[in-house]
Amino acid sequence: MLSVFDIFKVGIGPSSSHTVGPMRAALMFANALDRDGLLARTSRLRALLYGSLGATGHGHATDLGVMLGLLGEAPDTVDPAQVRPHIDAVRRSGELSLLGRHPIGFAQARDIEFVGHESLAEHPNGMRMMALDAAGAVLADRCYFSVGGGFVVEGGRDAAVAEVAAGPTWPHPFRTGDELISQANQKGLSVARLVRDNEEAWRAPDAVRAGVLHIWQVMRQCVQRGFGIDNASAAERLPGNLNIRRRAPQLFRELLARDAGAAGADPLAAMDWVNAFAMAVNEENAAGGRVVTAPTNGAAGVIPAVLHYYEKFCPGASDDGVVDFLLTAAAIGMLYKANASISGAEVGCQGEVGVACSMAAGALAAVLGGTPAQVENAAEIGMEHNLGLTCDPVGGLVQIPCIERNAMGAVKAINAARLALRGDGSHYVSLDAVIRTMMQTGEDMKSTYKETSLGGLAVNVVEC
(Lines give C-alpha, C1' and ligand atoms only; values in the text may rest on other atoms or scores of the structure.)
Protein backbone atom coordinates (compact mmCIF):
# COMPACT_ATOMS: atom_id res chain seq x y z
CA MET A 1 0.00 0.00 0.00
CA LEU A 2 1.11 3.49 -0.85
CA SER A 3 0.05 6.85 0.53
CA VAL A 4 -1.67 9.72 -1.25
CA PHE A 5 1.50 11.68 -0.58
CA ASP A 6 3.58 9.10 -2.43
CA ILE A 7 1.48 9.54 -5.56
CA PHE A 8 1.37 13.35 -5.27
CA LYS A 9 4.82 14.73 -4.43
CA VAL A 10 6.02 18.31 -4.66
CA GLY A 11 9.11 18.68 -6.82
CA ILE A 12 10.63 20.67 -9.65
CA GLY A 13 10.70 20.25 -13.42
CA PRO A 14 11.31 19.12 -15.96
CA SER A 15 10.98 15.41 -15.07
CA SER A 16 10.03 13.32 -12.05
CA SER A 17 11.95 10.27 -13.27
CA HIS A 18 14.91 12.13 -14.79
CA THR A 19 15.27 15.16 -12.47
CA VAL A 20 13.43 14.52 -9.19
CA GLY A 21 14.39 10.84 -8.92
CA PRO A 22 18.11 11.41 -9.59
CA MET A 23 18.10 14.33 -7.16
CA ARG A 24 16.62 12.09 -4.47
CA ALA A 25 19.08 9.31 -5.31
CA ALA A 26 22.09 11.65 -5.11
CA LEU A 27 20.86 13.02 -1.79
CA MET A 28 20.40 9.45 -0.50
CA PHE A 29 23.97 8.66 -1.57
CA ALA A 30 25.41 11.76 0.10
CA ASN A 31 23.48 11.01 3.29
CA ALA A 32 24.73 7.42 3.21
CA LEU A 33 28.32 8.67 3.00
CA ASP A 34 27.66 10.87 6.01
CA ARG A 35 25.97 8.06 7.95
CA ASP A 36 28.83 5.64 7.24
CA GLY A 37 31.52 8.12 8.25
CA LEU A 38 32.85 8.43 4.69
CA LEU A 39 31.90 12.02 3.88
CA ALA A 40 35.10 13.62 5.19
CA ARG A 41 37.25 11.05 3.33
CA THR A 42 35.55 11.64 -0.02
CA SER A 43 37.70 13.52 -2.50
CA ARG A 44 35.83 12.88 -5.75
CA LEU A 45 32.48 11.55 -6.94
CA ARG A 46 31.37 9.86 -10.14
CA ALA A 47 27.81 9.43 -11.40
CA LEU A 48 27.05 7.15 -14.35
CA LEU A 49 23.62 7.56 -15.96
CA TYR A 50 22.38 4.53 -17.89
CA GLY A 51 19.63 3.82 -20.39
CA SER A 52 16.94 6.48 -20.66
CA LEU A 53 18.68 8.64 -18.04
CA GLY A 54 21.73 8.69 -20.28
CA ALA A 55 19.80 9.05 -23.55
CA THR A 56 17.60 12.01 -22.60
CA GLY A 57 19.33 13.19 -19.43
CA HIS A 58 20.75 16.34 -21.00
CA GLY A 59 17.32 17.62 -22.01
CA HIS A 60 15.69 16.39 -18.80
CA ALA A 61 18.28 18.09 -16.53
CA THR A 62 19.37 14.80 -14.96
CA ASP A 63 22.89 16.08 -14.39
CA LEU A 64 21.55 19.16 -12.63
CA GLY A 65 19.34 16.98 -10.43
CA VAL A 66 22.35 14.89 -9.40
CA MET A 67 24.38 17.97 -8.53
CA LEU A 68 21.55 19.48 -6.49
CA GLY A 69 21.08 16.26 -4.53
CA LEU A 70 24.79 16.07 -3.74
CA LEU A 71 24.63 19.66 -2.51
CA GLY A 72 21.98 18.54 -0.03
CA GLU A 73 18.90 19.89 -1.83
CA ALA A 74 15.63 17.95 -1.81
CA PRO A 75 13.01 18.20 -4.61
CA ASP A 76 10.21 19.40 -2.35
CA THR A 77 12.18 22.14 -0.61
CA VAL A 78 14.68 23.44 -3.18
CA ASP A 79 13.91 26.95 -4.41
CA PRO A 80 13.53 26.74 -8.22
CA ALA A 81 14.86 30.30 -8.50
CA GLN A 82 18.12 29.21 -6.84
CA VAL A 83 18.78 26.17 -9.02
CA ARG A 84 20.73 28.02 -11.69
CA PRO A 85 22.79 30.07 -9.21
CA HIS A 86 23.72 26.86 -7.34
CA ILE A 87 24.76 25.10 -10.54
CA ASP A 88 26.61 28.12 -11.92
CA ALA A 89 28.57 28.44 -8.67
CA VAL A 90 29.73 24.82 -8.93
CA ARG A 91 30.74 25.27 -12.55
CA ARG A 92 32.65 28.49 -11.88
CA SER A 93 34.52 27.24 -8.84
CA GLY A 94 35.12 23.62 -9.90
CA GLU A 95 34.06 22.71 -6.40
CA LEU A 96 30.95 21.03 -4.99
CA SER A 97 30.12 21.09 -1.27
CA LEU A 98 28.65 17.71 -0.32
CA LEU A 99 25.55 18.27 1.82
CA GLY A 100 26.61 21.91 1.91
CA ARG A 101 29.55 21.27 4.23
CA HIS A 102 32.28 19.10 2.66
CA PRO A 103 33.87 20.63 -0.47
CA ILE A 104 35.34 18.37 -3.15
CA GLY A 105 36.73 19.03 -6.59
CA PHE A 106 33.99 18.60 -9.18
CA ALA A 107 33.86 18.95 -12.96
CA GLN A 108 30.41 18.32 -14.41
CA ALA A 109 31.61 16.95 -17.76
CA ARG A 110 34.14 14.66 -16.09
CA ASP A 111 32.22 13.43 -13.07
CA ILE A 112 28.75 12.87 -14.58
CA GLU A 113 28.79 10.41 -17.47
CA PHE A 114 25.85 9.79 -19.80
CA VAL A 115 25.83 6.12 -20.78
CA GLY A 116 22.69 6.05 -22.90
CA HIS A 117 23.86 3.09 -25.00
CA GLU A 118 23.85 0.79 -21.95
CA SER A 119 20.98 -0.21 -19.67
CA LEU A 120 21.10 -1.90 -16.31
CA ALA A 121 18.99 -5.05 -16.09
CA GLU A 122 16.65 -3.91 -13.32
CA HIS A 123 15.19 -0.78 -14.97
CA PRO A 124 15.90 1.59 -17.92
CA ASN A 125 16.46 4.51 -15.51
CA GLY A 126 19.59 3.32 -13.72
CA MET A 127 22.37 5.33 -12.13
CA ARG A 128 25.58 4.33 -10.37
CA MET A 129 27.16 6.57 -7.74
CA MET A 130 30.76 6.16 -6.61
CA ALA A 131 32.79 8.01 -3.97
CA LEU A 132 36.59 7.97 -4.15
CA ASP A 133 39.27 9.05 -1.71
CA ALA A 134 42.31 11.20 -2.47
CA ALA A 135 44.24 8.16 -3.73
CA GLY A 136 41.43 7.13 -6.08
CA ALA A 137 40.29 4.16 -4.01
CA VAL A 138 36.56 3.49 -4.06
CA LEU A 139 34.89 4.27 -0.73
CA ALA A 140 31.31 3.55 -1.76
CA ASP A 141 29.62 2.20 -4.89
CA ARG A 142 25.81 2.10 -5.06
CA CYS A 143 23.16 1.72 -7.77
CA TYR A 144 19.81 3.49 -7.80
CA PHE A 145 16.82 3.21 -10.09
CA SER A 146 14.40 6.04 -10.78
CA VAL A 147 11.25 4.05 -11.46
CA GLY A 148 8.81 6.86 -12.28
CA GLY A 149 6.98 9.59 -10.42
CA GLY A 150 10.04 10.43 -8.29
CA PHE A 151 10.14 6.94 -6.72
CA VAL A 152 13.69 5.65 -6.17
CA VAL A 153 14.78 2.05 -5.65
CA GLU A 154 18.15 1.31 -4.08
CA GLY A 155 19.60 -2.16 -4.14
CA GLY A 156 16.24 -3.77 -4.89
CA ARG A 157 14.51 -2.01 -2.00
CA ASP A 158 11.82 0.57 -2.71
CA ALA A 159 12.32 3.00 0.14
CA ALA A 160 8.87 4.58 -0.20
CA VAL A 161 7.06 1.25 -0.17
CA ALA A 162 9.17 -0.08 2.72
CA GLU A 163 8.49 3.03 4.78
CA VAL A 164 4.73 2.77 4.31
CA ALA A 165 4.75 -0.99 4.92
CA ALA A 166 6.37 -0.39 8.28
CA GLY A 167 3.47 1.80 9.39
CA PRO A 168 0.19 0.80 11.07
CA THR A 169 -2.31 -1.63 9.58
CA TRP A 170 -4.48 -0.15 6.84
CA PRO A 171 -8.21 -0.47 7.61
CA HIS A 172 -9.06 -0.95 3.92
CA PRO A 173 -6.10 -2.57 2.13
CA PHE A 174 -6.45 -3.06 -1.63
CA ARG A 175 -4.19 -3.94 -4.50
CA THR A 176 -6.58 -4.31 -7.44
CA GLY A 177 -9.45 -2.30 -8.80
CA ASP A 178 -11.83 -5.14 -8.03
CA GLU A 179 -10.72 -5.14 -4.39
CA LEU A 180 -11.07 -1.36 -4.17
CA ILE A 181 -14.60 -1.24 -5.60
CA SER A 182 -15.72 -4.35 -3.73
CA GLN A 183 -14.64 -2.87 -0.40
CA ALA A 184 -16.28 0.45 -1.17
CA ASN A 185 -19.57 -1.25 -2.04
CA GLN A 186 -19.52 -3.70 0.88
CA LYS A 187 -18.71 -1.02 3.45
CA GLY A 188 -20.92 1.66 1.93
CA LEU A 189 -17.98 4.01 1.43
CA SER A 190 -16.93 6.22 -1.43
CA VAL A 191 -13.47 5.60 -2.85
CA ALA A 192 -12.36 8.90 -1.33
CA ARG A 193 -13.67 7.99 2.14
CA LEU A 194 -11.95 4.61 1.95
CA VAL A 195 -8.61 6.22 1.08
CA ARG A 196 -9.09 8.89 3.74
CA ASP A 197 -9.62 6.18 6.38
CA ASN A 198 -6.36 4.56 5.30
CA GLU A 199 -4.47 7.84 5.54
CA GLU A 200 -5.99 8.60 8.95
CA ALA A 201 -4.63 5.30 10.28
CA TRP A 202 -1.27 7.02 10.61
CA ARG A 203 -1.99 10.74 10.27
CA ALA A 204 -4.36 13.01 12.14
CA PRO A 205 -7.53 13.76 10.14
CA ASP A 206 -6.74 17.48 10.04
CA ALA A 207 -3.24 16.69 8.77
CA VAL A 208 -4.62 14.57 5.94
CA ARG A 209 -7.00 17.29 4.80
CA ALA A 210 -4.37 20.02 5.16
CA GLY A 211 -1.81 17.95 3.26
CA VAL A 212 -4.18 17.28 0.37
CA LEU A 213 -5.22 20.94 0.18
CA HIS A 214 -1.52 21.90 0.19
CA ILE A 215 -1.04 19.72 -2.89
CA TRP A 216 -3.94 21.58 -4.52
CA GLN A 217 -2.44 24.94 -3.53
CA VAL A 218 0.90 24.04 -5.16
CA MET A 219 -1.00 22.99 -8.31
CA ARG A 220 -2.88 26.30 -8.36
CA GLN A 221 0.29 28.30 -7.86
CA CYS A 222 1.89 26.41 -10.74
CA VAL A 223 -1.01 27.33 -13.04
CA GLN A 224 -0.77 30.97 -11.99
CA ARG A 225 2.96 31.06 -12.68
CA GLY A 226 2.37 29.32 -15.99
CA PHE A 227 -0.11 32.06 -16.89
CA GLY A 228 2.56 34.66 -16.12
CA ILE A 229 0.88 35.94 -12.94
CA ASP A 230 3.67 37.40 -10.76
CA ASN A 231 6.17 35.48 -12.90
CA ALA A 232 8.32 37.58 -15.20
CA SER A 233 10.12 34.46 -16.47
CA ALA A 234 6.90 33.39 -18.24
CA ALA A 235 7.83 35.88 -20.96
CA GLU A 236 10.99 33.91 -21.71
CA ARG A 237 11.44 31.08 -24.17
CA LEU A 238 11.59 27.58 -22.71
CA PRO A 239 15.09 26.15 -22.07
CA GLY A 240 16.77 24.13 -24.81
CA ASN A 241 17.60 24.44 -28.46
CA LEU A 242 14.00 24.16 -29.74
CA ASN A 243 13.45 27.83 -28.85
CA ILE A 244 9.83 27.17 -27.86
CA ARG A 245 7.82 30.15 -26.67
CA ARG A 246 5.27 29.76 -23.91
CA ARG A 247 1.68 29.83 -25.17
CA ALA A 248 -0.30 29.69 -21.93
CA PRO A 249 0.18 33.37 -20.91
CA GLN A 250 -1.22 34.67 -24.20
CA LEU A 251 -4.02 32.11 -24.19
CA PHE A 252 -4.90 33.16 -20.63
CA ARG A 253 -5.13 36.82 -21.63
CA GLU A 254 -7.27 36.00 -24.65
CA LEU A 255 -9.66 33.89 -22.61
CA LEU A 256 -10.03 36.59 -19.96
CA ALA A 257 -10.87 39.12 -22.67
CA ARG A 258 -13.34 36.75 -24.30
CA ASP A 259 -15.07 35.94 -21.01
CA ALA A 260 -15.47 39.65 -20.36
CA GLY A 261 -17.37 39.96 -23.64
CA ALA A 262 -20.34 37.99 -24.90
CA ALA A 263 -21.02 35.25 -22.38
CA GLY A 264 -22.12 31.86 -23.65
CA ALA A 265 -21.27 32.56 -27.28
CA ASP A 266 -18.98 29.53 -27.56
CA PRO A 267 -20.40 26.21 -26.30
CA LEU A 268 -16.86 24.78 -26.07
CA ALA A 269 -15.35 27.66 -24.09
CA ALA A 270 -14.59 25.36 -21.17
CA MET A 271 -12.33 23.27 -23.40
CA ASP A 272 -10.15 26.31 -24.12
CA TRP A 273 -9.72 26.87 -20.40
CA VAL A 274 -8.84 23.22 -19.80
CA ASN A 275 -6.18 23.45 -22.52
CA ALA A 276 -4.81 26.62 -20.95
CA PHE A 277 -4.66 25.13 -17.44
CA ALA A 278 -2.82 22.02 -18.63
CA MET A 279 -0.36 23.89 -20.83
CA ALA A 280 0.40 26.41 -18.08
CA VAL A 281 1.52 23.59 -15.79
CA ASN A 282 3.63 21.78 -18.34
CA GLU A 283 5.29 24.92 -19.64
CA GLU A 284 6.21 25.76 -16.06
CA ASN A 285 7.47 22.20 -15.64
CA ALA A 286 9.56 22.47 -18.81
CA ALA A 287 11.11 25.64 -17.39
CA GLY A 288 12.15 23.84 -14.19
CA GLY A 289 9.43 25.32 -11.99
CA ARG A 290 7.64 23.92 -8.95
CA VAL A 291 5.14 21.20 -9.86
CA VAL A 292 3.36 18.22 -8.31
CA THR A 293 3.95 14.71 -9.64
CA ALA A 294 0.49 13.68 -10.78
CA PRO A 295 1.59 10.94 -11.03
CA THR A 296 4.70 12.21 -12.90
CA ASN A 297 6.09 15.58 -13.98
CA GLY A 298 5.64 14.76 -17.65
CA ALA A 299 1.92 14.28 -16.96
CA ALA A 300 1.68 16.96 -14.25
CA GLY A 301 -0.84 19.13 -16.12
CA VAL A 302 -3.73 16.69 -16.57
CA ILE A 303 -5.06 16.49 -13.00
CA PRO A 304 -4.64 20.23 -12.19
CA ALA A 305 -6.43 21.08 -15.44
CA VAL A 306 -9.38 18.81 -14.66
CA LEU A 307 -9.48 20.06 -11.06
CA HIS A 308 -9.57 23.67 -12.32
CA TYR A 309 -12.37 22.62 -14.68
CA TYR A 310 -14.27 21.23 -11.68
CA GLU A 311 -13.72 24.43 -9.69
CA LYS A 312 -14.57 26.83 -12.53
CA PHE A 313 -17.35 25.05 -14.39
CA CYS A 314 -19.04 22.55 -12.05
CA PRO A 315 -21.82 23.93 -9.81
CA GLY A 316 -21.32 23.16 -6.13
CA ALA A 317 -17.53 22.79 -6.36
CA SER A 318 -15.86 23.10 -2.96
CA ASP A 319 -12.71 22.33 -1.01
CA ASP A 320 -14.37 19.13 0.18
CA GLY A 321 -14.81 18.17 -3.45
CA VAL A 322 -11.16 18.98 -4.18
CA VAL A 323 -10.06 16.71 -1.33
CA ASP A 324 -12.31 13.89 -2.53
CA PHE A 325 -11.04 14.37 -6.09
CA LEU A 326 -7.40 14.02 -5.11
CA LEU A 327 -8.03 11.11 -2.75
CA THR A 328 -9.91 9.25 -5.50
CA ALA A 329 -7.25 10.05 -8.09
CA ALA A 330 -4.55 8.80 -5.72
CA ALA A 331 -6.37 5.47 -5.25
CA ILE A 332 -6.38 4.93 -9.00
CA GLY A 333 -2.73 5.93 -9.25
CA MET A 334 -1.86 3.40 -6.56
CA LEU A 335 -3.36 0.63 -8.71
CA TYR A 336 -1.11 1.52 -11.65
CA LYS A 337 1.96 1.86 -9.47
CA ALA A 338 1.31 -1.50 -7.77
CA ASN A 339 0.35 -3.51 -10.87
CA ALA A 340 2.04 -1.83 -13.82
CA SER A 341 4.26 1.25 -14.18
CA ILE A 342 4.16 5.05 -14.27
CA SER A 343 7.55 5.30 -15.97
CA GLY A 344 7.71 6.56 -19.55
CA ALA A 345 11.09 4.88 -19.88
CA GLU A 346 9.48 1.55 -19.03
CA VAL A 347 6.07 1.62 -20.75
CA GLY A 348 5.92 4.82 -22.82
CA CYS A 349 3.68 7.82 -22.23
CA GLN A 350 0.65 5.58 -21.67
CA GLY A 351 2.20 5.16 -18.20
CA GLU A 352 2.35 8.91 -17.68
CA VAL A 353 -0.34 10.92 -19.51
CA GLY A 354 -2.41 7.75 -19.87
CA VAL A 355 -2.35 7.08 -16.13
CA ALA A 356 -2.99 10.75 -15.33
CA CYS A 357 -5.99 10.72 -17.67
CA SER A 358 -7.34 7.59 -15.97
CA MET A 359 -6.83 9.10 -12.50
CA ALA A 360 -8.49 12.39 -13.44
CA ALA A 361 -11.42 10.68 -15.18
CA GLY A 362 -12.26 8.51 -12.17
CA ALA A 363 -11.81 11.42 -9.76
CA LEU A 364 -14.06 13.76 -11.74
CA ALA A 365 -16.74 11.10 -11.98
CA ALA A 366 -16.55 10.73 -8.19
CA VAL A 367 -17.01 14.41 -7.33
CA LEU A 368 -19.85 14.73 -9.86
CA GLY A 369 -21.79 12.11 -7.92
CA GLY A 370 -20.65 8.89 -9.54
CA THR A 371 -20.89 5.53 -7.80
CA PRO A 372 -17.75 3.48 -7.15
CA ALA A 373 -18.63 1.42 -10.24
CA GLN A 374 -18.90 4.57 -12.38
CA VAL A 375 -15.60 5.80 -10.97
CA GLU A 376 -13.94 2.53 -12.00
CA ASN A 377 -15.59 2.74 -15.43
CA ALA A 378 -14.35 6.30 -15.99
CA ALA A 379 -10.81 5.34 -15.00
CA GLU A 380 -10.92 2.36 -17.36
CA ILE A 381 -12.13 4.50 -20.28
CA GLY A 382 -9.38 7.04 -19.59
CA MET A 383 -6.67 4.41 -20.02
CA GLU A 384 -8.29 2.25 -22.69
CA HIS A 385 -8.01 5.08 -25.19
CA ASN A 386 -4.40 5.89 -24.32
CA LEU A 387 -3.08 2.35 -24.81
CA GLY A 388 0.10 2.33 -26.89
CA LEU A 389 0.89 6.01 -26.33
CA THR A 390 4.62 6.41 -26.96
CA CYS A 391 7.17 8.65 -25.28
CA ASP A 392 9.22 10.31 -28.01
CA PRO A 393 10.33 13.76 -26.79
CA VAL A 394 11.87 15.91 -29.51
CA GLY A 395 15.43 16.88 -28.60
CA GLY A 396 15.14 14.98 -25.32
CA LEU A 397 13.16 17.92 -23.92
CA VAL A 398 9.84 17.68 -22.04
CA GLN A 399 8.20 20.07 -24.51
CA ILE A 400 7.11 18.47 -27.81
CA PRO A 401 4.73 16.62 -27.72
CA CYS A 402 4.52 16.66 -23.91
CA ILE A 403 2.93 20.07 -23.31
CA GLU A 404 0.03 19.70 -25.75
CA ARG A 405 -0.32 16.03 -24.85
CA ASN A 406 -1.31 17.04 -21.31
CA ALA A 407 -4.03 19.28 -22.69
CA MET A 408 -5.34 16.42 -24.81
CA GLY A 409 -5.20 14.06 -21.83
CA ALA A 410 -7.21 16.48 -19.67
CA VAL A 411 -9.97 16.91 -22.24
CA LYS A 412 -10.09 13.14 -22.75
CA ALA A 413 -10.43 12.63 -18.98
CA ILE A 414 -13.43 14.94 -18.81
CA ASN A 415 -15.10 13.09 -21.68
CA ALA A 416 -14.34 9.70 -20.06
CA ALA A 417 -16.03 10.86 -16.85
CA ARG A 418 -19.07 12.10 -18.75
CA LEU A 419 -19.35 8.82 -20.65
CA ALA A 420 -19.19 6.82 -17.43
CA LEU A 421 -21.75 9.02 -15.68
CA ARG A 422 -24.22 8.42 -18.52
CA GLY A 423 -24.09 4.69 -17.74
CA ASP A 424 -24.88 2.65 -14.67
CA GLY A 425 -21.30 1.54 -14.01
CA SER A 426 -21.55 -1.81 -15.77
CA HIS A 427 -19.03 -2.32 -18.56
CA TYR A 428 -17.22 -5.12 -20.36
CA VAL A 429 -13.52 -4.24 -19.83
CA SER A 430 -12.46 -3.88 -16.19
CA LEU A 431 -9.91 -1.37 -14.90
CA ASP A 432 -7.72 -4.28 -13.80
CA ALA A 433 -7.81 -5.72 -17.31
CA VAL A 434 -6.82 -2.42 -18.91
CA ILE A 435 -3.98 -1.96 -16.38
CA ARG A 436 -2.64 -5.42 -17.27
CA THR A 437 -2.97 -4.59 -20.95
CA MET A 438 -1.12 -1.32 -20.51
CA MET A 439 1.80 -3.10 -18.89
CA GLN A 440 1.89 -5.81 -21.56
CA THR A 441 1.76 -3.16 -24.29
CA GLY A 442 4.65 -1.33 -22.65
CA GLU A 443 6.70 -4.51 -22.48
CA ASP A 444 6.10 -5.11 -26.19
CA MET A 445 6.89 -1.52 -27.16
CA LYS A 446 10.29 -0.93 -28.75
CA SER A 447 12.76 0.93 -26.55
CA THR A 448 13.04 3.60 -29.25
CA TYR A 449 9.56 4.76 -28.21
CA LYS A 450 10.22 4.79 -24.47
CA GLU A 451 11.85 8.11 -23.52
CA THR A 452 15.04 7.56 -25.48
CA SER A 453 14.39 10.15 -28.24
CA LEU A 454 15.47 7.48 -30.74
CA GLY A 455 12.12 7.08 -32.51
CA GLY A 456 8.83 8.73 -33.42
CA LEU A 457 8.64 12.52 -33.45
CA ALA A 458 12.10 12.75 -31.95
CA VAL A 459 13.69 11.56 -35.21
CA ASN A 460 11.10 12.86 -37.68
CA VAL A 461 11.06 16.50 -36.60
CA VAL A 462 14.04 18.55 -37.74
CA GLU A 463 15.58 20.47 -34.85
CA CYS A 464 16.23 24.14 -35.58
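In the predicted model, Phe 252 and Trp 273 are both buried. For Phe 252 the relative accessibility is 14%, which is under the 20% limit, so the residue counts as buried. Phe 227 has a relative accessibility of 6% and therefore falls in the buried class as well.

These residues take part in aromatic contacts, and six aromatic pairs are found in the structure. In one of them, the ring centres of Phe 227 and Phe 252 are 4.3 Å apart and the planes meet at 10°; because planes under 30 degrees apart count as stacked, this pair is assigned to that class. Phe 227 belongs to the loop between α10 (205-226) and α11 (248-259), whereas Phe 252 is part of helix α11, so the contact ties together parts that are 25 residues apart in sequence.

Phe 252 also pairs with Trp 273, here in an edge-to-face arrangement, with 6.2 Å from centre to centre and 75° between the planes. This second contact links helix α11, which holds Phe 252, to helix α12 (residues 269-286), which holds Trp 273. The two residues are 21 residues apart, and the pair thus links distant parts of the chain. One aromatic cluster is formed by Phe 227, Phe 252, Trp 273 and Phe 277.

Charged side chains are placed over two of the aromatic rings. Lys 312 lies over the face of Trp 273, a member of the cluster, at 4.5 Å from the ring centre. At Phe 151, the charged end of Lys 337 sits over the ring, 4.3 Å from its centre.

Open space in the model was examined next. The largest pocket encloses about 700 Å³. It is lined by 36 residues, of which Arg 84, Pro 239, Ala 286, Ala 287 and Gly 288 are the closest to the pocket centre. Two or more lining residues come from each of α2 (16-35), α4 (62-71), α5 (80-93) and α12. The greatest contribution is that of α5, which gives five residues to the lining. Helix α12 thus appears in both parts of this description: Trp 273 of the edge-to-face pair lies in α12, and α12 is among the elements that give two or more residues to the pocket lining. By class, the lining of the largest pocket comprises 15 nonpolar, eleven polar and ten charged residues.

Technical notes: Residues are numbered from 1 along each chain as its sequence is written. This is a predicted model: local features need pLDDT of at least 70, side-chain atom pairs count only at pLDDT 80 or more; totals for chains, interfaces and linings use all residues. Side-chain values use heavy atoms; hydrogens and water are left out. Rings of Phe, Tyr and Trp (its six-membered ring) pair if their centres lie within 6.5 Å; planes under 30 degrees apart count as stacked, over 60 as edge-to-face and the rest as tilted. Helices (H or I, at least four residues) and strands (E, at least two) are DSSP runs, numbered from the N terminus. Buried means under 20% relative accessible area, exposed over 50%, partly exposed in between (1.4 Å probe, protein chains only). A charge sits over a ring if NZ of Lys or CZ of Arg is within 6 Å of the ring centre and within 35 degrees of the ring normal. On a 1 Å grid over the protein atoms alone, a cavity is a set of points where a 1.4 Å probe fits but cannot get out, and a pocket is an open set with protein on both sides within 12 Å along at least five of seven lines; lining residues have an atom within 4 Å of a point. Grid points are joined across faces, edges and corners, and a volume is the space filled by probe spheres set on the points. Ala, Val, Leu, Ile, Met, Phe, Trp, Tyr, Cys and Pro count as nonpolar, Asp, Glu, Lys and Arg as charged, and the others, Gly among them, as polar.
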